[in-house]
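Hi there,

Here is the structure I promised to pass on to you. Have a look at it first, and then read on for my notes.

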Amino acid sequence: MYQNILVPYDFGNSFNNIPQQLVNLTYAVENYSIVVFNVISETELANYVRYQGKHFEEVVEEKKEEMQPFLAKLDQEGLKYQVKFTTGTPTKSIVEEVEENDYDVVVMSNKRSEIDIKHVLGHVTHKIAKRVNVPVLIVK
């Protein structure tokens with residue numbers, strides 16, 4: 001169904017339903033590519049450097065460890081994926097990633113770990129859905 005899939009990973013959202021949706025999207029597709037993409041904000045990276053003496057590579061390793069429960073679910077479903085990190089502003093970095101690579105769909109979680117009734121979509125999810133020229137699947 002879809003060859004190239006981008007999954008912007010946000011540590012503030014629950015990604016429990018994403019693995020099954022990725023299975024559905026890649027069903028009967030032989031050479032698919034799933035990229036789990038995380039943007040470390042410049043402020044967050046600066047705080048790591050300033051207060052913990054950790055640089056980008058060390059922060060990436062720490063984030064990969066935090067991401068392990070989600071990645072384990074992808075492994076359990078037999079999905080092939082790669083993990084990619086960058087630094088910058090989340091919205092801008094995700095839009096650039098979509099524009100620079102030939103993604104067919106962006107799969108985003110909208111189930112927040114903390115309940116916020118004020119907004120239906122998070123601001124990054126809303127901006128991505130509005131700004132990219134590929135389908136965006138928002139999973140609750």
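Let's start with the sheet in this predicted model. Five strands make up an open sheet, and going across it their order is β3-β2-β1-β4-β5, with parallel pairing. The edges are held by β3 (82–87) and β5 (136–139); each has a single partner strand, so one side of each is left without a neighbour in the sheet. On average, neighbouring strands are turned by 25° against each other, direction ignored. As general background, the strands of a sheet pair through backbone hydrogen bonds, either parallel or antiparallel.

One strand pair to look at is β1 (residues 4–8) with β4 (residues 105–109): they run parallel and are joined by two bridges. If you want a residue to click on there, try I5, whose bridge partner in β4 is V105. Helix α4 (residues 90–100) packs on the sheet and touches β1, β2 (33–40), β3 and β4. The direction of α4 makes about 155° with that of β2.

Two residues show this region from both sides of the contact. P8 sits in strand β1 and is buried, with a relative accessible area of 5%. Leaving aside residues up to four places away in sequence, P8 touches F15, F37, I94, V106, V107 and M108. For a sense of distance, the C-alpha atoms of P8 and M67 are separated by 12 Å, and these two residues are 59 residues apart along the chain.

The other residue is E97, which has its place in helix α4. Is this glutamate buried or exposed? E97 has a relative accessible area of 5%, and since anything under 20% counts as buried, E97 is buried. What does E97 touch, not counting residues up to four places away in sequence? Its contacts are L6, F37, K84 and Y103.

Now to the helix pairs. Helix α4 also packs with helix α5 (residues 123–131), at an angle of about 35° and with the axes 10 Å apart. The crossing of α4 and α5 is right-handed. On the α4 side the contact is made by P90, T91, I94 and V95, and on the α5 side by V124, K127, I128 and R131. Sorted by class, the contact of α4 with α5 has five nonpolar, one polar and two charged residues.

A second pair is helix α1 (residues 18–26) with helix α3 (residues 56–76), which pack at an angle of about 35° with their axes 9 Å apart. The crossing of α1 and α3 is right-handed. Here I18, P19 and L22 from α1 meet F70, K73 and L74 from α3. By class, the contact of α1 with α3 has five nonpolar residues, no polar ones and one charged residue.

F70 comes up again when you look at the aromatic rings. The structure holds four aromatic pairs. One of them joins Y9 and F70 in a tilted arrangement, 5.2 Å centre to centre and with 40° between the planes. Y9 lies in the loop between β1 and α1 while F70 is in helix α3, so the pair ties together parts that are 61 residues apart in sequence. Both Y9 and F70 are buried.

F15 and F70 form another aromatic pair, this one edge-to-face, at 5.4 Å centre to centre and with 65° between the planes. This pair, too, links distant parts of the chain: F15 is in the loop between β1 and α1, F70 is in helix α3, and they are 55 residues apart. Both F15 and F70 are buried. Ring pairs link Y9, F11, F15 and F70 into a cluster, so that is a good set to select together in your viewer.

One last stop, also in helix α3, is E62. At 24% relative accessibility, E62 counts as partly exposed. Apart from residues up to four places away in sequence, E62 touches Y48, Q52 and K54. The C-alpha atoms of E62 and A129 are separated by 29 Å, with their positions 67 residues apart along the chain.

Happy browsing, and all the best!

Definitions and conventions. Residues numbered from 1 in each chain as written. Predicted model: local features only at pLDDT ≥ 70, side-chain atom pairs only at ≥ 80, totals over all residues. Heavy atoms only, no water. Pairing = 2+ DSSP bridges. Helix = DSSP H or I, 4+ residues; strand = E, 2+ residues; numbered from the N terminus. Axes fitted to C-alpha atoms, helices over the stretch in contact; angles between N-to-C directions. Contact = heavy atoms within 4.5 Å. Left-handed = near helix turned anticlockwise from the far one by under 90°. Nonpolar A, V, L, I, M, F, W, Y, C, P; charged D, E, K, R; others polar. Phe/Tyr/Trp six-rings, centres within 6.5 Å; stacked < 30°, edge-to-face > 60°. Buried < 20%, exposed > 50% of the residue type's maximum accessible area, 1.4 Å probe, protein only.
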